[in-house]
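Me: I would like to go through this model term by term, asking each time what justifies the word. Please set the values against the definitions.

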Amino acid sequence: MPTPVLPIVAALLTAATAVSYLPQDPPGYRDTPRLPDGWRVHDADRPRPPVVTPPPAGEPVPAPSDAIVLFDGKSLAAFRGNGGAAKWLLQDGAMIVNGTGDIETVAEFGDCQLHVEWSAPSPTKGDSQGRGNSGVFFFGRYEIQVLDSFENPTYADGQAAALYGQKPPLLNASRKPGEWQTYDIYFRAPRFGADGAVQQPARVTVVHNGIVVQLDEALLGATAHRAVAKYDRHGDKGPIRLQDHGDPVRFRNLWVRPLQLERPAAPPAAK
Ligand code: MG
């Protein structure tokens with residue numbers, strides 16, 4: 001049987017074309033432990049959430065009457081930094097990460113609703129986890145990732161609005177770098193038993209630029225890098241921490257509403 005040269009050439013051409021269009025190795029890991037859902041921590045092969053175009057950026061969202069304003073564009077007094085006052089740059093109504101380290105609220109919070117506005121650096125610099133990285137940590141330990149995820153591939157559980165290292169957002173609702181973005185985060189603190197074991201995990205809902213991207217997700221524990229998160233017992237309240245990851249991310253208009261989740265009990269039924 002004669003060698004079918006043409007099909008071989010065609011196959012080689014197809015292979016060459018296919019290879020030339022293969023994406024570069026996706027950022028992430030293939031040697032990390034597995035999460036309960038079967039994916040690895042920071043799994044390079046985990047599908048990236050679909051992109052959705054959010055509504056255009058708007059004016060700062062006013063705080064309700066019962067909110068505690070954490071940052072109004074004028075003062076960093078509600079925060080503290082490494083061993084003293086918060087030293088992030090205060091400029092044009094925003095506070096900007098400047099390499100002086102993480103900052104955290106002086107006040108402590110448990111169950112709460114948090115509104116955050118942030119903006120990734122423009123022009124962009126770096127890629128993957130090195131572009132516009134910051135974060136919002138409840139109890140100083142449960143991170144909702146802040147990242148410039150606009151046309152910036154990274155591992156799915158590390159992109160904007162991910163429960164870092166645990167759960168990617170349902171969608172990538174990112175705006176362009178330089179534009180203001182909003183997070184509205186509804187956080188239910190974990191409950192621990194007298195023995196220190198977690199009885200009810202923390203639960204979180206995240207709305208990114210008006211789009212729900214985490215809905216009542218259970219956290220596995222305190223945020224970890226390249227490891228499966230686990231809980232360590234803590235009190236009913238803790239600080240809200242903002243991350244200095246070395247990128248000049250801007251924040252404005254932060255406010256929080258502590259939540260009282262227990263409703264009044266009904267009176268005894270009449271007999
Ligand atoms: Mg981060």
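Me: What makes the largest pocket a pocket, and what is its volume?

Reply: The volume is about 330 Å³, where a volume is the space filled by probe spheres set on grid points joined across faces, edges and corners. On a 1 Å grid over the protein atoms alone, a pocket is an open set of points where a 1.4 Å probe fits, with protein on both sides within 12 Å along at least five of seven lines, and lining residues have an atom within 4 Å of a point. Of the 19 lining residues, Gly110, Asp111, Arg191, Asp236 and Lys237 are the closest to the centre. This is a predicted model, in which local features need pLDDT of at least 70 and side-chain atom pairs count only at pLDDT 80 or more, while totals for chains, interfaces and linings use all residues. Residues are numbered from 1 along each chain as its sequence is written, and side-chain values use heavy atoms, with hydrogens and water left out.

Me: Which residues count as donors of the magnesium ion?

Reply: Donors are N, O and S atoms within 2.8 Å of the metal (3.2 Å for Na, K and Ca), and since water is not among the atoms, sites may look incomplete. Asn133 (OD1), Ser134 (O), Glu143 (OE), Gln145 (OE1) and Gln243 (OE1) coordinate the ion at 2.2 to 2.4 Å, so they meet that limit. Their spacing along the chain is N-S-x8-E-x1-Q-x97-Q. Asn133, in the loop between β7 and β8, and Gln243, in the loop between β15 (241-242) and β16, are 110 residues apart; strands here are DSSP runs (E, at least two residues), numbered from the N terminus.

Me: Why is Asn133 called buried or exposed, and what about Gln243?

Reply: Buried means under 20% relative accessible area, exposed over 50%, and partly exposed in between (1.4 Å probe, protein chains only). Asn133 has 2%, so it is buried, and Gln243, at 13%, therefore counts as buried as well.

Me: What makes the largest nonpolar core a core, and which members touch the most others?

Reply: A nonpolar core is a set of buried Ala, Val, Leu, Ile, Met, Phe, Trp, Tyr and Cys residues joined through side-chain atoms within 4.5 Å. This one has 44 residues, of which Met95, Phe138, Phe187 and Phe251 touch the most other members. β7 gives the most to this core, with 4 residues.

Me: What is notable about phi in Ala161?

Reply: Phi of Ala161 is near 75°, a positive value in a residue other than glycine. Ala161 lies in the loop between β9 and β10 and has 0% relative accessibility, so it counts as buried.
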